[in-house]
Amino acid sequence: MNTMKLSLSTRRYARALLCLFCPLWLGGIAPVVAESSRVIATGGASMIEGSAGGGIVPWAVINGYGSSDEWSATAMATGVYVDDFTLKVMGTSLSYDNLFELSLARQTFDLDTLGGELGQDIVGFKYKLAGELLYTAMPQITLGAQYKKVDDFSLPQAVGARDDWGVDIYVAASKVFFDTVAGRNLLLNATVRVTKANQTGLLGFGTEASNDYHFVLEASAALLLTDNLALGIEYRQKPNELGFAREDDWQDIFLAWFINKHLSVVTAYADLGSIAGFEHQQGWYLSLEGAL
């Protein structure tokens, strides 16, 4: 049974991969270009909540490639295909001066086995406090916030959630270390988040028994195999407050290909643990981002 379910999630991922790469192959892939002064890959990708980062963790970077007094805009589409659920995300962001970032994301969480879906809208803001990703001893440090609201509160409320909206606040620090592993550059990121979100907010915020914020830790490491190809891992700690089912931490192994400063693709193998009583939710992650 598990083999069949894994096969189904893999087939959904394969179809998404085919839909993504066919237009790239047919249209030809542009070489690396560099209109902006920022180095390729320094804008990161768009994570599932719309902020610049990896796949599941926000980084301290500002999205896009806008430098001093320059604007940048991005748009992304992401799918996460695990055994019993599918998460689809559409998002966009606007940044200025490599200092501010405003992001919007729309999440649809399909309950493939149970039937039905959950939805959540996320508005994110990020501000660079200090440091630089590349050329200073101090890591780049940013302060971020994500306002989240679920569409339909009936299911989250039925499983014990207190509110249909919440705000996550985080501080992230990111730094690239040159010539660290076999002559290649290594990016390290650490994020501290305060949150009341159950399953990142898809199952509401807080519980009837507790409305306290929780401090959680998130981390990423990415080795730049080439200037525009990164292999990395991420780990995201999460609260475990809903009584009806255990909530596990998330983790993934990802490969990010920054085709040029306008187009990037991230694919990953994700382990999301137990979700709503369904154990061992593992599967594939695929994201496409365009930047101006």
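Two strands count as paired when DSSP finds at least two bridges between them. With that in mind, we can start walking through this predicted model at one such pair: S3 and S4 run antiparallel and are joined by 11 bridges. A hairpin of two residues connects S3 to S4, and if you look for one particular match across the pair, Gly79 has Lys88 in S4 as its bridge partner.

S3 has a partner in S16 as well. Nine bridges join S3 to S16, and these strands also run antiparallel. Here Val80 stands opposite Tyr285 in S16. S16 in turn pairs with S15: residues 263-271 form S15, residues 282-291 form S16, and nine bridges hold them together in the antiparallel sense. Within that pairing, Ala270 has Gly283 in S16 as its bridge partner.

Now step back to see where these pairs belong. They are part of a closed barrel of 12 strands, with antiparallel pairing, that follows the order S3-S4-S5-S6-S7-S9-S10-S12-S13-S14-S15-S16. From one strand to the next, the twist averages 20°. The protein chain has 16 strands, along with two helices.

How does the overall size of the chain compare with a compact globule? For 292 residues, such a globule would have a radius of gyration near 19 Å, and the protein chain has 18 Å, so the two agree. Along its principal axes, the C-alpha trace spans about 50 × 40 × 35 Å. Of the 292 residues, 53% are buried. Among contacts with a separation of 6 or more, 58% are between residues 24 or more positions apart.

Next, let's turn to the nonpolar interior. The largest nonpolar core has 44 residues, and those with the most contacts inside it are Ile48, Val80, Phe85, Leu87, Phe109, Phe254 and Leu272. The elements that contribute two or more residues to this core are S3 (71-82), S4 (85-96), S5 (100-111), S6 (117-130), S12 (214-226), S14 (250-260) and S15. S14 provides the largest share, with four residues. Apart from this core lies another, of six residues, including Tyr13, Tyr81, Ile259 and Leu286.

Val80 is a good residue to click on, since we have already met it opposite Tyr285. Which residues does Val80 contact once its neighbours within four places in sequence are set aside? The list is Ile48, Phe85, Thr86, Leu87, Leu272, Trp284 and Tyr285. Several names will look familiar: Ile48, Phe85, Leu87 and Leu272 are, like Val80, among the residues with the most contacts inside the largest core.

The aromatic rings give us another way through the model. A search of the whole structure finds eight aromatic pairs. In one of them, Tyr147 and Trp165, the ring centres are 6.0 Å apart and the planes are at 35°, so the pair is tilted. Tyr147 sits in S7 and Trp165 in S9 (residues 165-181), and the pair links distant parts of the chain, 18 residues apart. Tyr147 has a relative accessibility of 36% and counts as partly exposed; Trp165, at 44%, also counts as partly exposed.

Compare that with the rings of Tyr269 and Trp284. Their centres are 5.0 Å apart and their planes are at 70°; because planes over 60 degrees apart count as edge-to-face, this pair is edge-to-face. Tyr269 lies in S15 and Trp284 in S16, so the pair ties together parts that are 15 residues apart in sequence. Both rings belong to partly exposed residues: Tyr269 has 32% relative accessibility, and Trp284 has 27%. Elsewhere, ring pairs link Phe85, Phe109 and Phe278 into a cluster.

Our last stop is Leu143, which is found in S7 (residues 140-150). Is Leu143 buried or partly exposed? Its relative accessibility is 38%, so Leu143 counts as partly exposed. Not counting residues up to four places away in sequence, Leu143 touches Phe125, Lys126, Tyr127, Leu129, Ile169, Tyr170 and Val171. Trp165, which we met in the tilted pair, is 22 residues from Leu143 along the chain, and their C-alpha atoms are separated by 20 Å.

How values were computed:
Residues numbered from 1 in each chain as written. Predicted model: local features only at pLDDT ≥ 70, side-chain atom pairs only at ≥ 80, totals over all residues. Heavy atoms only, no water. Axes fitted to C-alpha atoms, helices over the stretch in contact; angles between N-to-C directions. Buried < 20%, exposed > 50% of the residue type's maximum accessible area, 1.4 Å probe, protein only. Contact = heavy atoms within 4.5 Å. Core = buried A, V, L, I, M, F, W, Y, C linked by side-chain atoms within 4.5 Å. Phe/Tyr/Trp six-rings, centres within 6.5 Å; stacked < 30°, edge-to-face > 60°. Rg over C-alpha atoms; globule rule 2.2 N^0.38 Å.
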